[in-house]
Amino acid sequence: MCAVPGAAFETALEARLAQHRIELICLGGFMRLFTADFVQRWYGRMLNIHPSLLPSFPGLDPHGQALKAGVKISGATVHFVIPETDAGPIVMQGAVPVRDDDTAEALSQRILTVEHRIYPEALRLLASGRLSLEGDRCRVAGEADGGAPLISPLAK
């Protein structure tokens, strides 16, 4: 967590972003909330990755939340940032099975592997111009059918 107060931090950040002509902010492990004004100025140009299949388990301790809920599938979500925490339009998700003997740490490590895979892919989609924001949803131009269903535990 950063100790600089919100307004001063955002003013300094905005100056740096402008100085370097930054067009896109990519957050990962950034444990600080931005003001609604800052987020609105960067709407459609700020991405975050969260270690759960949003909208389930937003905020802190998503792995513990998933284990407590007894879900069978968890994962990670790349989304556009809006003022509400972990609630922006979803760009991409990746899933992993949740095992009966999982700990929050073990689940976290499997999800981290998925995070490393989907974040670059989401950025490629954005850079290619294939993403569009339509209201509260993110659309992907030329999206395939989505592939096979994800089932866990695997039914035989």
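1. Two rings of Phe, Tyr or Trp (for Trp, the six-membered ring) count as an aromatic pair if their centres lie within 6.5 Å. Going through the whole structure, which is a predicted model, a search on that basis turns up four aromatic pairs. One of them is Phe34 with Phe38: the ring centres sit 4.4 Å apart and the planes make an angle of 15°. That pair is classed as stacked, because planes under 30 degrees apart count that way. Both phenylalanines are buried.

2. The aromatics are worth a look as a group. Ring pairs join Phe9, Phe30, Phe34, Phe38 and Trp42 into a cluster. If you're colouring residues on screen, note that Phe9 belongs to helix H1 and is buried there, and that Phe38 falls in the range of helix H2 (36-41).

3. On to helix H1 itself. H1 covers residues 6-19, 14 residues in total. From first C-alpha to last, H1 reaches 20 Å, close to the 20 Å expected at 1.5 Å a residue. Just after H1 comes Arg21, which has a positive phi, near 55°.

4. Which residues of H1 are buried? They are Phe9, Glu10 and Leu17. Looking down the helix axis, these buried residues fall within an arc of 90°, so they line one face of H1. Yes, a glutamate is on that list: Glu10 is buried along with Phe9 and Leu17. What do the buried residues of H1 pack against? Their partners are strand S1 (25-26) and helix H2 (36-41).

5. Turn H1 around and you get the other side. The face pointing away from the buried side carries Ala7, Thr11, Ala18 and Gln19, and these residues are exposed.

6. Cysteines next, in case you were wondering about disulfides. The count comes to zero. Cys26 is in no disulfide; the nearest cysteine sulfur belongs to Cys138 and is 13 Å away. Seen from the other end, Cys138 is in no disulfide either, with the sulfur of Cys26 as its nearest, 13 Å away. A disulfide needs the two sulfur atoms within 2.5 Å, so this pair doesn't qualify. As for their surroundings, Cys26 is partly exposed at 39% relative accessibility, whereas Cys138 is buried at 14%.

7. Salt bridges: the count is five. Among them is Arg110 with Asp102, whose side chains meet at 2.5 Å, N to O. Are these two residues buried or exposed? Arg110 is buried at 17% relative accessibility, and Asp102 is buried too, with a relative accessible area of 13%.

8. Another salt bridge lies within helix H4 (residues 104-127). Here Arg124 bonds with Glu121, and the closest N and O atoms are 3.0 Å apart. The two residues are three apart in the helix, so about one helical turn separates them. Glu121 is partly exposed, with a relative accessible area of 35%.

9. One more from the salt-bridge list: Arg139 with Glu134, where the closest N and O atoms are 3.3 Å apart. Arg139 is partly exposed at 36% relative accessibility, and Glu134 is partly exposed at 44%.

Note on methods
Residues numbered from 1 in each chain as written. Predicted model: local features only at pLDDT ≥ 70, side-chain atom pairs only at ≥ 80, totals over all residues. Heavy atoms only, no water. Helix = DSSP H or I, 4+ residues; strand = E, 2+ residues; numbered from the N terminus. Expected span 1.5 Å × (residues − 1). Buried < 20%, exposed > 50% of the residue type's maximum accessible area, 1.4 Å probe, protein only. Arc of directions from axis to C-beta. Contact = heavy atoms within 4.5 Å. Salt bridge = Lys/Arg side-chain N within 4 Å of Asp/Glu carboxyl O. Phe/Tyr/Trp six-rings, centres within 6.5 Å; stacked < 30°, edge-to-face > 60°.
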